[in-house]
Amino acid sequence: MLTTRFVNGAPNWLDVATPDLDGARSFYGGLFGWQFVSAGPDAGGYGFFQRDGRTVAGGMPSGPEQGPPAWTVYFRSDDARATAEAAEQAHGRVLVRPMDVMGQGHMAVLADQAGVVFGIWQPGRTRGVDVANEPGALCWAELYTPDIAAAAAFYHRVLGLETSGVPFPDGTYTCLNPEGAGEDAMFGGVVPLADDPVEAQAGPYWLPYFAVEDTDAVVEQAQRLGGTVRLPATSVPGVGRMARLADPYGARFAVLRSEPSRERKAD
């Protein structure tokens, strides 16, 4: 389960890069009840999405030269520089070299062996998001990749992540947890692109899931606000009801209403 007891390898931050920050503020505010708070005049427009005064994500303006609008999931590291070096040694790339972020911590942006972008956050004064696994907050992260075995090897080498298989009626789902933390610390999964025609067209990437109380209502609201439904609300036995969406600018994300037996509040 994803919590704010951040350990190495676990997601501890995420942010969205968008060409219209005001529009994104309006969309996510209407969808999740988020408010946007600027990080200050020296932050280049970066700011924090908050729900009930607790930070759930970051947001920043971006231009075409920075790639398409997208959510980036960050993983905790005690040493961002060493993690970046490990990524290069594992045939990944360093897109943004490790840097200090106004004393709050160190960040880097990397790409795995398949070109999937992800971030690293080495905590300083900011440990990570304030809340997880509650409505309007990150609750799961899913990697869509052309090669599960290669992805598992890369993330084990770089972040120490461990995998385990969970049986489902249509096959086995590959789950992820931090090294040595056990299956109770599962925070995400890995999905082969070949199994999903929609995602195969979009290419490999990390997909963040946000917890919601009513998946169908959120899907309808997303459409009213100008978002796109990439996968309609679908019930998954033993998991809950989920949907895959995109905001008005194309940044992809998913929402999930977990089955009651799976719901536990984060610490």
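A salt bridge here is a side-chain nitrogen of Lys or Arg within 4 Å of a carboxyl oxygen of Asp or Glu. Keep that cut-off at hand for this tour of a predicted model.

**Stop 1: arginine 76 and aspartate 78**

Select arginine 76 and aspartate 78 and show their side chains. The two meet in a salt bridge, with N to O at 2.6 Å. Colour the pair by accessibility and the partners part ways: arginine 76 counts as buried at 18% relative accessibility, whereas aspartate 78 has a relative accessible area of 49% and is partly exposed. The cut-offs explain the labels, because buried means under 20% and exposed means over 50%.

**Stop 2: the network**

Next select Glu199, Arg230 and Arg244. Salt bridges with shared partners join these residues into one network.

**Stop 3: glutamate 88 and arginine 97**

Move to glutamate 88 and arginine 97, whose side chains form a salt bridge at 3.0 Å, N to O. Glutamate 88 is partly exposed, at 35% relative accessibility.

**Stop 4: glutamate 134 and arginine 54**

Now select glutamate 134 together with arginine 54. Their closest N and O atoms are 2.9 Å apart, and the pair forms a salt bridge. Which parts of the chain does the pair link? Arginine 54 lies in strand β4, residues 54–61, while glutamate 134 sits in the loop between β8 (117–123) and β9 (138–145). The two residues are 80 residues apart, so to speak of distant parts of the chain is apt. Glutamate 134 is buried, with a relative accessible area of 17%; arginine 54, at 34%, is partly exposed.

**Stop 5: the whole chain**

Clear the selection and switch to a cartoon view. How many salt bridges does the structure hold? There are seven. The protein chain has five helices and 16 strands. Its radius of gyration is 17 Å, close to the 18 Å that the globule rule gives for 267 residues, so the chain is as compact as a globular protein of that length. Draw a box along the principal axes: the C-alpha atoms fill roughly 40 × 40 × 35 Å.

Colour by burial, and 51% of the 267 residues count as buried. For a contact map, take the contacts with a separation of 6 or more: residues 24 or more positions apart account for 59% of them.

**Stop 6: surface and charges**

Finally, turn on the surface. The accessible surface of the protein chain comes to about 11,900 Å², and carbon and sulfur atoms hold 50% of that area. Then select the charged side chains: the protein chain has 20 positive and 32 negative charges, and their mean positions are 3 Å apart.

Methods. Residues are numbered from 1 along each chain as its sequence is written. This is a predicted model: local features need pLDDT of at least 70, side-chain atom pairs count only at pLDDT 80 or more; totals for chains, interfaces and linings use all residues. Side-chain values use heavy atoms; hydrogens and water are left out. Helices (H or I, at least four residues) and strands (E, at least two) are DSSP runs, numbered from the N terminus. Buried means under 20% relative accessible area, exposed over 50%, partly exposed in between (1.4 Å probe, protein chains only). The radius of gyration is taken over C-alpha atoms; the globule rule is 2.2 Å times the number of residues to the power 0.38. Contact means heavy atoms within 4.5 Å. Accessible areas come from the Shrake-Rupley method with a 1.4 Å probe; for residues, only the protein chains shown count as cover. Lys and Arg count as positive and Asp and Glu as negative; His and the chain ends are not counted. The place of a charge is taken as NZ of Lys, CZ of Arg, CG of Asp or CD of Glu.
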